[in-house]
Amino acid sequence: EAIDTSLKIARAFTKRKKIISVQGGYHGHTGLSLQTGDAKYRTPFLFDSPDFIQVPFNDCKAIENALDIEVAAVILETIPATLGMVLPQKGYLKTVKDLCEKNKSLLILDEVQAGLSRTGKLWAFEHFDLVPDMVVLAKGLSGGIYPITATVIDQKLESVFHKDPFIHISTSGGSELGCVVAKKVLEISANSNFLKKVNTLAELFSSELQNLQKKHPKFFRGIRQKGLMMGLELKDDLAGPILTKTAFDNDLLLIYANNDPSVVQFLPPLIMEQKDIEFVITQLDKALKEAKILHPILKLKTTAQSLFKL
Ligand SMILES: Cc1ncc(COP(=O)(O)O)c(C=O)c1O
């Protein structure tokens, strides 16, 4: 709903209809947010508006070509998680913001996963030298427990609600209890000592994961990392689902990226203690060993299935 709200505000403010999003990005399964995502989730519900355009991530030229006087906004995740924690290339996000400004379009950043200190700064966009027009928050805003989201807007966009503030309301919209929790989460996340702790954990994970990678170099091929937002690059598309299963068997909850199953999303809790890293790495090591054994067996099975059309 927070994504839908941001897109509604963009349209109302700019009086333009088109929205540009990123191929393989993910912003949710409701109304307008669904339109910004993958065709596989849209087509069953007959969502196919030509006003929603998708471009590849990290491609400035594609954004430049797609921007025209009908574009209300560009929406993207600061670090697209479902695409496999792909890190923005140097200057990409700043260029997108500049192109949007030039075209009088708005830039909406979805920080549902990347925000609230996950990357080692309070907001992930702080790493990339730009300020977006809107930021969307959720999940961690209530510690992931109580449902609350937020559409944070630049003050100029408030004018959308001046004439009639009731043009966007809902029964549970205020989320009074959620606000109490979110206020506390914001207070904790913005604390410099908390951020320092997140960055220390990130450094420790970085070196431990590099060691693990050296131990399993053919299966575990690389690490994508910004703070505690991490992606483990694996051998192939089969490897992500397999590691998800073997990690679960070893008491670790992690999941492969839906739009790039060769990458596993690795998002340890920001509040974890340094002493627990050893446990996580030991279990991940076991999970990797088991995944390496399972991989050829499942590879054979899937190959046989496709060969014999089972
Ligand atoms: C980056 C991002 N944006 C938006 C959403 C949508 O959130 P919800 O499932 O609460 O609609 C998600 C959910 O996983 C997400 O990861």
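Reader: How many helices and strands does the protein have?

Author: The protein has nine helices and ten strands, where helices (H or I, at least four residues) and strands (E, at least two) are DSSP runs, numbered from the N terminus. This is a predicted model, in which local features need pLDDT of at least 70, side-chain atom pairs count only at pLDDT 80 or more, and totals for chains, interfaces and linings use all residues. Residues are numbered from 1 along each chain as its sequence is written, and side-chain values use heavy atoms, with hydrogens and water left out.

Reader: Why is the protein called as compact as a globular protein of that length?

Author: Its radius of gyration is 21 Å, close to the 19 Å that the globule rule gives for 310 residues, so the protein is as compact as a globular protein of that length. The radius is taken over C-alpha atoms, and the rule is 2.2 Å times the number of residues to the power 0.38.

Reader: Turning to domains, which ones is the protein divided into?

Author: Domain 1 covers 2–189 and domain 2 covers 192–307; the bounds come from an automatic or database domain assignment.

Reader: And how many residues does each give to the contact?

Author: Domain 1 gives 26 residues and domain 2 gives 23 residues, with contact meaning heavy atoms within 4.5 Å. The C-alpha centres of the two domains lie 27 Å apart.

Reader: What percentage of the residues count as buried?

Author: Of the 310 residues, 48% count as buried, that is, under 20% relative accessible area (exposed is over 50%, partly exposed in between; 1.4 Å probe, protein chains only).
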